[in-house]
Amino acid sequence: MDESRQSSLTGAGAALRKAAPPPALCGFLLLLALIFTASYAVGVGAGPVAPGMHGSGTSRDGGNGGEGGGADDMGNMQGGHG
């Protein structure tokens, strides 16, 4: 009886079953896609986090949005002179 089961699995059906990913992997990937879609929709609905903030595209001052730069970027703070 085992031989009849093995013979029915030969051919295209057996090759397709061996090539298909396990159902748990398919379910996980589907859940991952649904969570990503939902989080993207919530993010679009919430709008920008910092509307006045500009991208860090290429600029002359090293890409920090035209703010000047370096370690002295803290305004009037004194540097360790207790």
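**A three-helix chain and its helix α3**

Leu25 is found in helix α3, where helices are DSSP runs of H or I with at least four residues, strands are runs of E with at least two, and numbering starts from the N terminus. This is a predicted model, in which local features need pLDDT of at least 70 and side-chain atom pairs count only at pLDDT 80 or more, while totals for chains, interfaces and linings use all residues. Residues are numbered from 1 along each chain as its sequence is written, and side-chain values use heavy atoms, leaving out hydrogens and water.

The protein chain has 3 helices and 0 strands, giving the pattern α-α-α along the sequence. Its mean pLDDT (the predictor's confidence in each residue, from 0 to 100) is 74, and 56% of the residues reach 70 or more. Among the elements, helix α3 (residues 23–46) has the highest mean pLDDT, 96, and helix α1 (residues 2–9) the lowest, 55.

Helix α3 also has the span one would expect: at 1.5 Å times one less than the number of residues, its 24 residues should span 34 Å, which agrees with the 35 Å between its end C-alpha atoms. Just after α3 comes Gly47, with a positive phi of about 85 degrees.

On the surface, Leu25 joins Phe28, Leu29 and Leu32 in a nonpolar patch with about 380 Å² of accessible area together. Such patches take residues with over 30% relative accessible area and no salt bridge (a side-chain nitrogen of Lys or Arg within 4 Å of a carboxyl oxygen of Asp or Glu); nonpolar side chains (Val, Leu, Ile, Met, Phe, Trp, Tyr) are joined within 5 Å, and like charges within 9 Å. Leu25 itself counts as partly exposed because its relative accessibility is 39%, between the limits for buried (under 20%) and exposed (over 50%), with a 1.4 Å probe and protein chains only.

Aromatic rings of Phe, Tyr and Trp (its six-membered ring) pair if their centres lie within 6.5 Å; planes under 30 degrees apart count as stacked, over 60 as edge-to-face and the rest as tilted. By this rule there is 1 aromatic pair. The rings of Phe36 and Tyr40 have centres 6.5 Å apart and planes at 25 degrees, so the pair is stacked. Both residues lie in helix α3, 4 residues apart, about one turn of the helix. Phe36 is exposed at 57% relative accessible area, and Tyr40 is exposed at 55%.

Methods
Accessible areas come from the Shrake-Rupley method with a 1.4 Å probe; for residues, only the protein chains shown count as cover.
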